[in-house]
Amino acid sequence: MKQHILSTNWQFKERDPAHSLSEDFALTEDWLPANVPGTVHQALLTAGRIPDPFIGLNENEVQWIGERDWLYRCQFDRPSDIDAADTVALCFDGLDTFATVWLNGQELLVSDNMFVPQRIEVGTLLRAGANELQIRFESALEQGKARERAHGALQVWNGDASRVYVRKAQYHYGWDWGPVLLTAGPWRAVRLEAYSARIRELHCPVVIAPDLQSATLPVSIAIEQSAHTPTTNVIMHLAIYNPAGELVDAIRLSIADAPTMAQTVHHTFTVTSPELWWPRGYGEQPLYRLVATLSQEAAESDPDVLDRHALRLGLRQLQLRQAPLDNAPGTTFLFEINHTPIFCGGANWIPADSFLPRITPEQYRAWVKLAADANMTMLRVWGGGIYEEDVFYDACDELGLLVWQDFMFGCGIYPAYPDFQVSVRAEAEAAVRRLRHHPCLVLWAGNNEDYSIAHSLRVYDADFTGDFTTTAFPARALYEQLLPEICAALDPTHPYWPGSPYGGADPNDSTSGDRHTWDVWHGRMAPYQDYPKFGGRFVSEFGMQALPVRATIETFAATAERYAESRTLEHHNKATDGPRRLAVYLNDTLRAPTDLDDMIYGSQLVQAEAVGAAIRGWRRRFGGPGRYAVAGALVWQLNDCWPVTSWAVVDYLLHPKPAYYVIMRELASLVVGLAKAESGATVWAVSSLGVRMEAELWLNVWTLEGELVTSAQRPVTLPPHQATELGDFQVDFQANGDVPLVVSARLLVGDIVVCRAVLWPEPFKYLTLPDPEIELGQEQEILQLRAKRPAKGVWISGGEGVTWSDNMVDLLPDDEQIIVARGLGERPVHLRWLH
Ligand code: BMA
């Protein structure tokens, strides 16, 4: 197959209603160069026509763009390698959103769903020599409003309510962390394909034997041949390569000669003793490679390759186990890979930019690597964004991150009238076909919080079984019928779940399915220390806001605006009551911050403490066979789409906030935990290792002045893949009157401290912390940190481009911590801590 990407020679302009459409397209003036793939905002920015909407209050200045229609045009020559007999197709991998396309003046296609790739055979419309492609993008806002008028207004959380009628990334309408930037444009590639025969689809739903000793690879290949010149002597060569790149098996299949224009051929490979794919932390991520080559045999020469497709496959067993618990009501929500129970610690993923085409493959890889480096095992692709780019899933395959994939519906009552369902079907089929072969993929979920909003409006009746489209929650026809049917037909090897959250009469039930824990921050604004009480069988969202790092703030706030309460900083916090809620948590926890740096540090400390309390408390309940009461904790949210104060643990410019390092520690293979108990402190540990571990538990109690009050030491045994309660540790907190005490626990394997936990008296604002006298040793990029007295939240900074092996640590006397600062070079570091 020959392929030409139409990425040059594009122009765009605002539609001028004073002219007819054809006059407007024919105008010679007003056109500006456009990048394709791209968006109108990016093109206007490049042309210097708009201020950067990410800076200051500029978002307000560019709202008109979303209210207008936009025209694109591209002149291109018919590529010389296209034969007269070839079938030629124009492919639009993504059009955002209400697009009409003309080729040489003839209407080619009308599209209203950003998630549906379009492929149109152009036949004789494509001329020899010069051709012109024209696209009109109509305002998604206006089109959505028209549909809303026709079908009735529906309820949403976040964004303009007309969005539920528009199959466009929902966060473009503004979210509680994202600006309103209703862009338009050919956001994915525009391509010409020409062929005499092509592989339309290569599919291989791998099945692993229950004993994991063999894998069956049932391959099916859909082939299409040009209607004009039926090709003869066509063969299909299929080969499977192991992760080292060595051929495992191959086969040559002959293809029936045309007249059959479309046909599917099948072959099943068996791989014995497969190298299994594992989530990171549990094993390697070996990837097999399946290559299908379609060629035409020639009498006296090598066969002509007509088309070639390849898939990377990970061989792994997957099960979502929903089984009764011995020690708690309801059922588990437990992912098993290769029969191994996985605690899915990780994060929610939102689009990494308001303007999608400018996210580079390198940035995608950097994001996924950040998640992997934080010991995360799962990312949830949240339903208000997009079905992500291939490179995102490729990186997850390579780094061993499991992916929970929502369908793209979020926080709304969506319609389900027949045309809407047709569009959703096309979108879902395209997404499932594109993503189903990735080993990282472990779940399809119907939507984000649509059951929650329905429940809050009292229109969700879990027992209702009639025609959903006649109810006030019509989209159950999508989530409980259309989408699961598509998944069952196209991707039976992955589980489907109707929503996130879902399970129980209240979709946010804590005893079945998944749960979004917003009792902290939203809802009742419970203290973050109470997170452990608000668990669920799988917590797929929870989070706490914090400011981004200072360098990021400086990119959008003018010098005079660099204070926490400034109009600019408040504009860059999109949550309803965001600054006020943040102030409550800060006030509950710390003495009031006085300047921007204190506010950054303070909010980030609170976020780190909150997220740590949640994961620590919930992972403790990953209690072993029959007792996996909480099997996942996905923080809301990993990333941002612009520079903003949000729940993100890494800011828009990929700077980790302190919470990131707390997550890294709490999701390590071995962790120790401490909580207050009647007798003092209670201790537990969690292991995600596959073998029983023998370790030494060291416990110490310190005054803030650095005097050792008590200590204890004992051997402990940690069974694999579970949390283990290690009993109570007697501490008499009252022995010295009001003297605050700090309890520390460490696990040692051999001489090495493998994990630490510290239990501080709270709230921190009541503590008067003496100077801990931190000593810093620095040998190139290795730092040694020691303290004479307990130090809380020691944050190390050293300028841009440093990767810390750990950060935001608590220091205690007699416990040196070594931190590796890759990329620091000779630069000095700066420390700050709570005092
Ligand atoms: C959940 C998410 C998002 C939202 C977040 C913070 O509801 O699904 O919609 O951004 O909480 O409010």
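**Salt bridges and exposure in a predicted model**

Mentor: The count comes to 52 salt bridges, a salt bridge being a side-chain nitrogen of Lys or Arg within 4 Å of a carboxyl oxygen of Asp or Glu. This is a predicted model, in which local features need pLDDT of at least 70, side-chain atom pairs count only at pLDDT 80 or more, and totals for chains, interfaces and linings use all residues. Residues are numbered from 1 along each chain as its sequence is written, and side-chain values use heavy atoms, with hydrogens and water left out.

Trainee: What makes Arg358 and Asp353 a salt bridge?

Mentor: Their side chains come to 3.0 Å, N to O, and the limit is 4 Å, so the pair qualifies.

Trainee: Why is Asp353 called buried?

Mentor: Its relative accessibility is 4%. Buried means under 20% relative accessible area, exposed over 50%, and partly exposed in between (1.4 Å probe, protein chains only), so 4% falls in the buried class.

Trainee: Why is Arg358 called partly exposed?

Mentor: Arg358 has 28% relative accessibility, so it lies in the in-between class.

Trainee: Why is Lys533 called exposed?

Mentor: Lys533 is at 63%, and the exposed class starts over 50%, so the word applies. Lys533 also forms a salt bridge with Asp530, their closest N and O atoms being 3.4 Å apart.

Trainee: How do you know that Glu775 and Arg786 meet in a salt bridge?

Mentor: The N to O distance is 3.6 Å, which is within 4 Å, so the rule is met. Glu775 at 40% and Arg786 at 32% each count as partly exposed.
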